[in-house]
Amino acid sequence: MADVAELLNMHRSTVHRWLNDQAFLRELALLRDKLFERAFDLQSYRAVQGTLKLIEFLSSEDPRIVLSAAGRLAALKLDYAAIDRDRRLRRIEDQADLFKLLGRENRSKR
């Protein structure tokens, strides 16, 4: 924790207080998720560009290029399915975490 405080140029008690503040942790998690989503969106965009280029190669006169492009496209289909599955699973996990957090808040208000 002292290393983090030094990196942020603040006292370690501030970092400790933040790490025990549920509102701060929720906001931090939300910002982290937004960052990951943006990075994933950028990767997805680049992957689409690459896929479109491979589709162009399917029209090549050279059968070796066509075969190579077709093989890579088949592999990409599996990769895209895995990425989609992982993204859906993460959303389910995030919702479960939110429900747990809301349940704790409701119990603490009683």
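1. Let me start with Arg87, which is partly exposed in this predicted model. Its relative accessible area is 23%, and the cut-off for counting as buried is under 20%. The side chain of Arg87 takes part in a salt bridge with Glu37, where the closest N and O atoms are 2.6 Å apart. This pair links distant parts of the chain, since Glu37 belongs to helix H3 and Arg87 to helix H4, 50 residues apart. Glu37 is partly exposed as well, because its relative accessibility is 29%.

2. A second bridge between these helices deserves a look. Arg90 and Asp33 form a salt bridge, with 2.7 Å between the closest N and O atoms. Arg90 lies in helix H4 (residues 63-109) and Asp33 in helix H3, so this pair ties together parts that are 57 residues apart in sequence. Which residues are linked with one another here in a network of salt bridges? They are Arg32, Asp33 and Arg90.

3. Is Asp33 buried or exposed? Asp33 counts as buried, because its relative accessibility of 17% falls under the 20% cut-off. Its partner Arg90, at 27% relative accessibility, counts as partly exposed. Leaving aside residues up to four places away in sequence, Asp33 touches Arg90 and Asp94. So when you inspect this site, please display Asp94 next to the bridge, as Asp33 has a contact with each of these two residues.

4. Now for helix H3 as a whole. It covers residues 22-57, which makes 36 residues. At 1.5 Å a residue the helix should span 52 Å, and its end C-alpha atoms are 52 Å apart, so the expected and computed values agree. Asp33 has company among the buried residues of H3: Thr51 and Leu54 are buried too.

5. The N-terminal end of H3 has a cap. Asp21 provides it, with a side-chain oxygen 3.0 Å from the backbone nitrogen of Ala23.

6. On aromatic residues, a search of the whole structure finds one aromatic pair. The two partners are Trp18 and Phe24, and they are stacked, with 5.1 Å from centre to centre and 25 degrees between the planes. The pair counts as stacked because that angle is under the 30 degrees cut-off. Both rings belong to partly exposed residues: Trp18 has a relative accessibility of 31%, and Phe24 has a relative accessible area of 27%.

7. Back to charged side chains, this time within one helix. Asp84 and Arg88 meet in a salt bridge, at 2.8 Å from N to O. Both lie in helix H4, four residues apart, or about one turn of the helix. How do the two partners differ in accessibility? Asp84 is partly exposed, with a relative accessible area of 36%, whereas Arg88 is exposed, at 52%. Arg88 gets that label because the cut-off for exposed is over 50%.

8. To put these bridges in context, a search of the whole structure finds eight salt bridges. Those discussed above include Glu37 with Arg87, Arg90 with Asp33, and Asp84 with Arg88. If you have time for one site, I would happily look at Asp33 with you: it is found in helix H3, is buried at a relative accessible area of 17%, and belongs to the network with Arg32 and Arg90.

Conventions: Residues numbered from 1 in each chain as written. Predicted model: local features only at pLDDT ≥ 70, side-chain atom pairs only at ≥ 80, totals over all residues. Heavy atoms only, no water. Helix = DSSP H or I, 4+ residues; strand = E, 2+ residues; numbered from the N terminus. Expected span 1.5 Å × (residues − 1). Buried < 20%, exposed > 50% of the residue type's maximum accessible area, 1.4 Å probe, protein only. Polar contact = N/O pair within 3.5 Å; in protein donor to acceptor, adjacent residues only side chain to side chain. Phe/Tyr/Trp six-rings, centres within 6.5 Å; stacked < 30°, edge-to-face > 60°. Contact = heavy atoms within 4.5 Å. Salt bridge = Lys/Arg side-chain N within 4 Å of Asp/Glu carboxyl O.
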